[in-house]
Amino acid sequence: VTDPVRSLLEPLRHDVDGLPATPAAVVRARGDRRRRRQLTAAAALTVLVAVGIPAIGVLDLGGRGGTRPRPVPPASSPPTPSSAASPTSTLPIGTLPKIFPAGVPARLFLTGEDWTSDLLGTVTGDDPGQPEGSVAVHSCDRDSDPAGNVGVARYKAAGRFVATEKVRRLGSVSAMDAAITQARSDLTTSGCTAFLAGTAPNVEVSVRPLGEGTVTGGGRFMVRIDSRTKDGASKLTEWVLVGWDARSRTVWTVVLHAPLDLAAGQQETIRVENAAGERVTGTAP
Amino acid sequence: VTRPERGTASFDAFYAATVRRTTHTLYAMTGDLGEAQDAVQEAYARAWQRWSTVSGYGDPEAWVRTVARRVAVSRWRKARNAVSAMVRSGPPDAPPEPAVDHVLVVDALRRLPETQRHALVLHHLVGMTVDDVARELGVPVGTVKARLSRGRSALAAVIGPIDLEVSR
């Protein structure tokens with residue numbers, strides 16, 4: 001006897017079959033980043049509990065399957081935001097995950113409208129809060145730590161995530177320069193291969209530079225990442241644009257995941273380049 | 001049920017064998033393909049984190065499915081409750097767009113209460129018995145039967161009569 005409810009639900013499988021397959025290596029890398037973040041956060045929590053410093057925001061360290069630590073009880077005299085953010089502090093306040101990083105307001109992020117085009121269709125944006133786990137936004141991204149003023153926004157078209165943007169505000173120009181240097185190193189074939197060797201050894205990657213330029217007080221560069229499993233079963237292409245602004249000590253990373261050819265992917269990423277920069281520098285209309 | 005061994009290769013094989021089925025299940029549970037995809041990836045990432053333990057479970061796929069369901073529910077509730085998020089991001093996203101011939105089904109699913117939707121999917125799509133659904137959801141068998149009955153009635157109100165007794 002045919003189950004009519006199953007008959008209704010079963011065809012939804014065709015929508016799933018139409019999705020590009022995420023390589024297992026990418027999922028494992030996400031799990032590895034999550035583990036590292038939890039270890040870092042747990043260490044920070046230990047220090048904070050020991051000295052009675054209150055947690056900032058909401059802690060989510062354990063995941064559904066694990067134990068969820070209780071928020072640290074407030075100290076008798078809560079510190080001011082400026083003291084918590086002080087670069088001279090010896091306490092790792094900045095390593096606490098925060099759901100809504102105060103230094104990264106939503107206005108800094110691209111909107112769905114910025115992404116919407118004939119090629120991508122109507123794009124909508126997620127809340128640019130911090131996701132659980134990692135803030136890495138592309139396959140070669142070592143900047144996975146949710147510490148500090150960092151936020152990630154995701155963008156959907158037709159039910160799929162097609163793009164991601166990360167905005168990180170640094171405490172100093174030297175810290176910003178270090179972040180850019182790290183991003184440049186990560187976004188090379190050798191740098192990314194070295195990174196993936198430790199997290200996804202069965203993935204081969206190729207990083208192709210697509211352009212670089214400077215603007216007043218900052219700069220941008222763009223690459224395309226092609227990764228595939230060694231058995232050829234899964235492939236992934238990402239267009240990555242990294243920009244920075246020295247005045248606001250901000251680095252932003254825009255990633256397009258949509259399955260487009262080279263010209264189209266490049267065109268769609270470049271299209272949002274100025275909008276992303278203008279939002280960070282506060283010159284957006 | 002896929003019974004994986006330990007290690008990277010076994011995880012990859014387990015992932016390849018089960019991810020589309022799990023995504024399909026979560027898609028039916030959430031009515032949102034993007035959310036389903038993300039919740040499933042998060043669940044597999046968590047499975048990899050503790051693979052030496054999860055791989056020894058009797059049904060690792062059920063573990064992943066349960067984690068993915070909880071991740072999806074948690075995110076949905078956070079989104080629903082986060083007034084500050086609404087202020088920051090404006091109105092919620094427009095619903096994702098399923099294939100044209102699935103619009104009616106997805107729309108009908110979205111109209112169901114979450115508890116009924118989960119019971120329907122686990123029982124009718126995953127093929128679990130009512131007893132197993134009750135164990136997985138942590139509710140009495142009678143509650144599952146009631147949710148299935150109400151869920152079918154609600155679906156029928158949208159897509160037409162459904163004549164099906166609760167099976168064991």
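Visitor: How many aromatic pairs are there over all chains?

Guide: The count comes to 8 over all chains, and keep in mind that this is a predicted model.

Visitor: What makes F11(B) and W51(B) a pair, and why is the pair called edge-to-face?

Guide: Their ring centres sit 5.1 Å apart, and pairing asks for centres within 6.5 Å. The planes stand at 90 degrees, and anything over 60 counts as edge-to-face, so that's the label this pair gets.

Visitor: How do you know that this pair links distant parts of the chain?

Guide: Look at where the partners sit: F11(B) is in helix 1 (residues 8–30) of chain B, while W51(B) belongs to helix 3 (residues 51–54) of chain B. They are 40 residues apart.

Visitor: Why are F11(B) and W51(B) called buried?

Guide: Buried means under 20% relative accessible area. F11(B) has 0%, so it is buried. W51(B) has 4%, so it is buried too.

Visitor: And what makes Y15(B) and Y44(B) edge-to-face?

Guide: Same kind of check: their planes are at 85 degrees, and the cut-off is over 60. With the centres 5.0 Å apart and a limit of 6.5 Å, they pair, and the pair is therefore edge-to-face. This one also links distant parts of the chain, with Y15(B) in helix 1 of chain B and Y44(B) in helix 2 (residues 33–49) of chain B, 29 residues apart. Both Y15(B) and Y44(B) are buried.

Visitor: Which residues form one aromatic cluster?

Guide: F11(B), Y15(B), Y44(B) and W51(B) are among them, and F14(B) and W48(B) belong to the cluster as well.

Visitor: What lies over the face of W48(B)?

Guide: That's R28(A), at 5.4 Å from the ring centre. The distance limit for a charge over a ring is 6 Å, and R28(A) does lie over the face of W48(B).

Visitor: Why does Q116(B) count as buried?

Guide: Its relative accessibility is 12%, and the cut-off is under 20%, so Q116(B) counts as buried. You'll find Q116(B) in helix 7 (residues 114–125) of chain B. Leaving out residues up to four places away in sequence, Q116(B) touches R147(B), R150(B), G151(B) and A154(B).

Visitor: What about chain A: how many helices and strands does it have?

Guide: Chain A has 8 helices and 7 strands. Of its 285 residues, 49% count as buried. Among contacts in chain A with a separation of 6 or more, 61% come from residues 24 or more positions apart.

How values were computed: Residues numbered from 1 in each chain as written. Chains lettered and ligands numbered in written order. Predicted model: local features only at pLDDT ≥ 70, side-chain atom pairs only at ≥ 80, totals over all residues. Heavy atoms only, no water. Helix = DSSP H or I, 4+ residues; strand = E, 2+ residues; numbered from the N terminus. Buried < 20%, exposed > 50% of the residue type's maximum accessible area, 1.4 Å probe, protein only. Contact = heavy atoms within 4.5 Å. Phe/Tyr/Trp six-rings, centres within 6.5 Å; stacked < 30°, edge-to-face > 60°. Lys NZ or Arg CZ within 6 Å of the ring centre and 35° of its normal.
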